[in-house]
Amino acid sequence: MKKLLPILAILSLIAAACGGGGNQSVPSVADLSTCETAGIADQSTDSGVEQLRQAMLAFRNALSEELRTEASNCLDSERFYLWHNTPNDRDSRGGIQYGDLTDEEISLFEDLLRLFLSDSGYQKVEEVVYLAEGFLNEIDSAPWSTDYYSIDMFGDPENSGSWGFQLDGHHIAINFLVHGDHVSIVPAFIGAEPIFGSLNGVDFDVFATERELAFTLYNNLSADENAAATSTGDDTAMVIGPADRPGDSDPYRDDYDYSGFESGLKYSDMSAITQANLTALMRAYVYNLETPFADLWWAEIMSTMDDTYFVWIDEADELTNLSIYYYRIYNPRLWIEYNVEDSIGDAIEEGNHAHSITRVPSTSNGGDYGIFANVINQNGPRTLLEHYAVAEHHMLSELHFDYRLANSHGHHTLD
């Protein structure tokens, strides 16, 4: 691996090489009644959804008028799609940041998260935002801080049944949406560096469950299943991950074609034990959402289970907790990717850095961002891979920053 540049030098070079960020400064709205978003649902009569709404209102109403205005957006605002995976700072994200909030306001926001997320889902968020990010903060406080995680709010929960919010930061970007009775948290990007460690005497292991279930699945494949699932010679970078720089819009919303991922080991060709192991791994991601809402999503997934595919890539002779590996799961109602990457700095072991993303490929019944995901990228690259391959500023770059692009058809390689 090449010697990495100091983090602050990397940040400066990113800004220069990429020509600054994209349209990160989409304005907020002071008066939500001026929004003209199409397709707004009536308020739900479900008690669980109403509990979410009341928690959202409690958080909104606790904010000062200035902060509430800064974080308020129409549901079809471009701000919904501007999350990304780069280190935090005061300027690269919209909305309001943890560092802007009082302890009481943070507590009300955490109450809201607990209602949307299962216990395991909430624990992941807490470990990433406070423990893993806190670990990085002790290495370099300039780019890494819990205070830089940001909150944006979308729609009008007081007067409509369609509303949401986004938690966005270096290694968390979860998009929460209520649309009538439908509750979702996709896309949900969760990463960690380090994945496991200790901060101020508190141990953490963000992806312990996902790692254990994935290893159980892979290690128990038959020879034929292993041959069908394993992709050799491929890179372990994420394929349908975050935008590649601050200000870029999510490249994969709404119009992205997932049909090319119907490959690998198919569920209907698996043994009963492999099907059970795959099912357990899929549920670990789906049930980051609170159980009653996840149950509805899981029923949709089960109805198309025979069309599920599993792919595995690794660079290890024997899997350990620090192995570099990748897997993905495709189902018409669920997309999962997980990859382990080289670590950024010398203070963290190689392989103690991972990303995951959960999406819903189909938009027929509320996929990523629900019905509010506008079609984009009509005239430009449709995928992050295409962007890396054709964008001149990436041809010139030698940066390694949370992304590795395998050499593709002779194009430039980031490593």
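**Exercise 1.** Find where Glu110 lies, and state whether Glu110 has a salt bridge.

*Solution.* Step 1: Glu110 sits in helix H4 (residues 103–116); helices are DSSP runs (H or I) of at least four residues, strands (E) of at least two, both numbered from the N terminus. Step 2: Glu110 is buried but has no salt bridge. Buried means under 20% relative accessible area, exposed over 50%, and partly exposed in between (1.4 Å probe, protein chains only). A salt bridge needs a side-chain nitrogen of Lys or Arg within 4 Å of a carboxyl oxygen of Asp or Glu. Step 3: the nearest side chain of opposite charge, Arg114, is 4.6 Å away; Lys and Arg count as positive, Asp and Glu as negative, while His and the chain ends are not counted. Step 4: leaving out residues up to four places away in sequence, Glu110 touches Tyr122, Glu126 and Tyr130, where contact means heavy atoms within 4.5 Å.

The model is predicted: local features need pLDDT of at least 70, side-chain atom pairs count only at pLDDT 80 or more, and totals for chains, interfaces and linings use all residues. Residues are numbered from 1 along each chain as its sequence is written, and side-chain values use heavy atoms, with hydrogens and water left out.

**Exercise 2.** Describe the salt bridge between Asp250 and Arg359.

*Solution.* Step 1: the closest N and O atoms of Asp250 and Arg359 are 3.0 Å apart. Step 2: this pair links distant parts of the chain, with Asp250 in the loop between H7 and E10 and Arg359 in strand E14 (residues 354–359), 109 residues apart. Step 3: Asp250 and Arg359 are both buried.

**Exercise 3.** Describe the salt bridge between Glu300 and Arg333, and say which parts the pair ties together.

*Solution.* Step 1: the closest N and O atoms of Glu300 and Arg333 are 2.6 Å apart. Step 2: Glu300 belongs to helix H9 (residues 291–302) and Arg333 to the loop between strand E12 (325–331) and strand E13 (334–340), so the pair ties together parts 33 residues apart in sequence. Step 3: both Glu300 and Arg333 are buried.

**Exercise 4.** Locate Pro187 and list what Pro187 touches.

*Solution.* Step 1: Pro187 is in the loop between strand E6 (182–184) and strand E7 (188–192). Step 2: Pro187 has a relative accessible area of 0%, so Pro187 is buried. Step 3: beyond four places in sequence, the residues that Pro187 touches include Trp83, Ile174, Asp250 and Arg359. Step 4: the C-alpha atoms of Pro187 and Ile174 are separated by 6.2 Å, with the two residues 13 apart along the chain.
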